[in-house]
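Visitor: I should like to see how the descriptive terms applied to this protein model are justified. May we go through them one by one?

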Amino acid sequence: MKVLLVAEYRDGQLLGSTYELVAFAQKLGAESAMFLVGSDSALPQYDGTLYLANINKYSEFNPAVHKQLLLDIIAKDQPDMVVFSHSSYGWDLAPRISLALDAAQVSEVVDIVDGEPVAPVCNAKLRRQVKTKTSQNVVTLQAGAFCLSEEPVGTPTVVPIDTDTATEIEFNGYEEAETGGVDLSKAEVIVSAGRGIGKPENLEIIAGLASALKGEYGASRPVVDSEWADHTRQVGTTGQTVSPKLYVACGISGAIQHLAGMKKSEFVVAINTDKDAPISEVADVFVVADLKQFVPTLTEKVQAL
Ligand SMILES: Cc1cc2nc3c(=O)[nH]c(=O)nc-3n(C[C@H](O)[C@H](O)[C@H](O)COP(=O)(O)OP(=O)(O)OC[C@H]3O[C@@H](n4cnc5c(N)ncnc54)[C@H](O)[C@@H]3O)c2cc1C
């Protein structure tokens, strides 16, 4: 099995998701090559062929041109699979490549089972193992689903690539979204509420502990979708990515989309009634308790310090 990994630059920097692509190829047991519109100054630590297009010439976003650069490599290398991150870059390019190749596309892949991609369904409550009917496939990987067990090492064999495809697009840079509300990315302590809080009134319990710890409160997506908390408080792939010193997850199961937003936290405490909740796998301290009893007691203890 041969895979082509499509790495990404953002604001002139190589994205860390590059190594999630490498971890995916390793888990698949596949031979890999990498494609990047980037520069010699920030290359991935990767032992393999890197097809490198000059970012100054082709810019970070230019779908028609990046597509042609990719299609030229695919025609030459004939990979069985083309692998993108499930990012805005991947969302844009993957379907273009899939259509051009007449290849099946599997989006938001979170695992590999029996050599086949696994993707979430029913709002990530279920997973399906996908058997495609095409010989070439295109996949996008959910952020945080694949991680290298060791620090990346290696120096790529760089193969410069070019195209004469005309473009009508000029990339002018990124515009920050207007966030308003709270900026959780700067908080040193975050106490987050999950669906386990049960009702909106219980958000006060979570906000109380956050305040006692001089931090901010966050929330999982169901809490935000229920309009119990503002969207700026959401942590996860469709919310904020946070890296506090302390992250306290209260009544949060630990779905991959939530973990992707908080996995860079230095120390994680999780409080859950279910001793088998997946959040226990990333928690430094896992408390099996009812948050409605445990959190107010903890808040009192912190306030008494
Ligand atoms: C495309 C996409 C994007 C997504 N983006 C995000 C995102 O950005 N952020 C995000 O969070 N989710 C996101 N999700 C949703 C995600 O898949 C999960 O559904 C969600 O994270 C679950 O939230 P939860 O852990 O609060 O709820 P649940 O999974 O329902 O877990 C509730 C937990 O509370 C525990 N519990 C119940 N009662 C108590 C109690 N009294 N005391 C203590 N524990 C209790 C339960 O044991 C359970 O583990 C996304 C999904 C999709 C498909």
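The dialogue below takes several descriptive terms in turn and sets each against its criterion.

Guide: Please keep in mind that this is a predicted model.

Visitor: What makes strand β11 mostly covered?

Guide: The cut-off for a buried residue is under 20% relative accessible area. In β11, residues 137-141, 5 of the 5 residues are buried. The cover extends to both faces: N137, V139 and L141 are buried on one side, and V138 and T140 on the other. In a regular strand the side chains alternate between the two faces of the sheet.

Visitor: How do you know that β6 and β11 pair, and in which sense do they run?

Guide: Pairing requires at least two bridges between the strands. Strand β6, residues 81-85, is joined to β11 by 5 bridges, and the two run parallel; the pair therefore satisfies the criterion of at least two bridges. M81 stands opposite N137 of β11. Strand β7, residues 104-109, also pairs with β11 in the parallel sense, over 4 bridges, with Q105 as the bridge partner of V138.

Visitor: Why are β8 and β10 placed at the edges of their sheet?

Guide: The sheet is open, with 3 strands in the order β8-β9-β10 and antiparallel pairing. β8 (111-113) and β10 (126-129) each have a single partner strand, so one side of each is left without a neighbour in the sheet. From one strand to the next, the twist averages 40°. Between β8 and β9 (residues 116-121) there are 3 bridges in the antiparallel sense, and D111 has V118 as its bridge partner in β9.

Visitor: Which residues touch the most other members of the largest nonpolar core?

Guide: They are L5, F24, F35, V83 and F84, in a core of 57 residues. Helix α1, residues 18-28, supplies the largest share of this core, 7 residues. V83 illustrates the contacts: leaving aside residues up to four places away in sequence, V83 touches V3, L4, L5, V6, L21, F24, V139 and L141. Apart from this core lies another, of 25 residues, among them V191, I197, A212 and L291. In soluble globular proteins, nonpolar side chains tend to be buried together.

Visitor: Why are α3 and α4 called oblique to each other?

Guide: The axes of α3 (residues 63-77) and α4 (residues 88-101) come within 10 Å and cross at roughly 50°. Angles under 35 degrees count as roughly parallel, and 65 to 115 as roughly perpendicular. The crossing angle lies outside both ranges, and α3 and α4 are therefore oblique. Their crossing is right-handed. Residues in the contact include L70, L71 and I74 of α3, together with L93, I97 and L101 of α4.

Visitor: What, then, makes α5 and α8 roughly parallel?

Guide: Their axes come within 9 Å and cross at roughly 25°. This angle is under 35 degrees, and α5 and α8 are therefore roughly parallel. α5 passes α8 in a left-handed crossing. Among the residues that meet are I205, I206 and L209 in α5 and L291, V295 and L298 in α8.

Visitor: Which residues of α5 are buried, and what covers them?

Guide: In α5, residues 203-212, the buried residues are L203, I205, I206, L209, A210 and A212. Their cover includes β13 (189-193), β14 (216-219), β15 (246-250) and α8 (291-304). Just after α5, K214 takes a positive phi of about 60°.

Note on methods: Residues are numbered from 1 along each chain as its sequence is written. This is a predicted model: local features need pLDDT of at least 70, side-chain atom pairs count only at pLDDT 80 or more; totals for chains, interfaces and linings use all residues. Side-chain values use heavy atoms; hydrogens and water are left out. Buried means under 20% relative accessible area, exposed over 50%, partly exposed in between (1.4 Å probe, protein chains only). Axes are lines fitted to C-alpha atoms, for helices over the stretch in contact, and angles run from 0 to 180 degrees between N-to-C directions. A nonpolar core is a set of buried Ala, Val, Leu, Ile, Met, Phe, Trp, Tyr and Cys residues joined through side-chain atoms within 4.5 Å. Contact means heavy atoms within 4.5 Å. Angles under 35 degrees count as roughly parallel, over 145 as roughly antiparallel, 65 to 115 as roughly perpendicular and the rest as oblique. A crossing is left-handed if the near helix is turned anticlockwise from the far one by less than a right angle, and right-handed if clockwise.
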